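Q: I am new to this structure and would like a close look at a single part of it. Please take me through that part slowly, and set it within the whole.

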Amino acid sequence: MPIDPYTLALLVVLGVAILSATAVSITAILRADRTDVVAVVRALPELAATLMRWRRRR
């Protein structure tokens with residue numbers, strides 16, 4: 001069963017997007033100050049709770 005060219009193009013675009021997002025995230029983490037990373041990690045549970053409350057209201 002041959003792969004449709006549009007499907008292959010979509011897979012390539014999605015792959016490049018995921019790799020780019022990963023590279024940007026890793027670069028941001030490596031360049032960040034340690035205190036910034038700790039502050040973000042400590043804020044994650046509160047952010048998750050806020051998003052869950054927002055999702056329930058919709």
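A: A good place to begin is Met52, which counts as partly exposed because its relative accessibility is 43%, a value that lies between the 20% under which a residue is called buried and the 50% over which a residue is called exposed. The model is a predicted one, and in this model Met52 sits in helix α2. Measuring from C-alpha to C-alpha, Met52 is 29 Å in space from Leu30, and the two are 22 residues apart in sequence.

Trp54 is also placed in helix α2, and Trp54 is likewise partly exposed, since its relative accessible area is 48%. Together with Ile29, Val37, Val40, Val41, Leu44, Leu47 and Leu51, Trp54 makes up a nonpolar patch on the surface, whose accessible area adds up to about 750 Å². Helix α2, which runs over residues 34–57, supplies the largest share of this patch, namely seven residues.

Turning to the whole, the protein contains two helices and zero strands. Its radius of gyration is 18 Å, well over the 10 Å that the globule rule gives for 58 residues, so the protein is more spread out than a compact globule. The C-alpha trace spans about 50 × 35 × 15 Å along its principal axes, and 0% of the 58 residues count as buried. Carbon and sulfur atoms account for 69% of the accessible surface, which comes to about 5800 Å². As for charge, there are 8 positive and 4 negative side chains, with 11 Å between the centres of the two sets.

Notes. Residues numbered from 1 in each chain as written. Predicted model: local features only at pLDDT ≥ 70, side-chain atom pairs only at ≥ 80, totals over all residues. Heavy atoms only, no water. Patch = residues over 30% accessible without salt bridge, like charges linked within 9 Å, V, L, I, M, F, W, Y side chains within 5 Å. Areas by Shrake-Rupley, 256 points an atom, 1.4 Å probe, with all protein chains shown as cover. Salt bridge = Lys/Arg side-chain N within 4 Å of Asp/Glu carboxyl O. Helix = DSSP H or I, 4+ residues; strand = E, 2+ residues; numbered from the N terminus. Buried < 20%, exposed > 50% of the residue type's maximum accessible area, 1.4 Å probe, protein only. Rg over C-alpha atoms; globule rule 2.2 N^0.38 Å. Lys, Arg positive; Asp, Glu negative; His and termini not counted. Charge placed at Lys NZ, Arg CZ, Asp CG, Glu CD.
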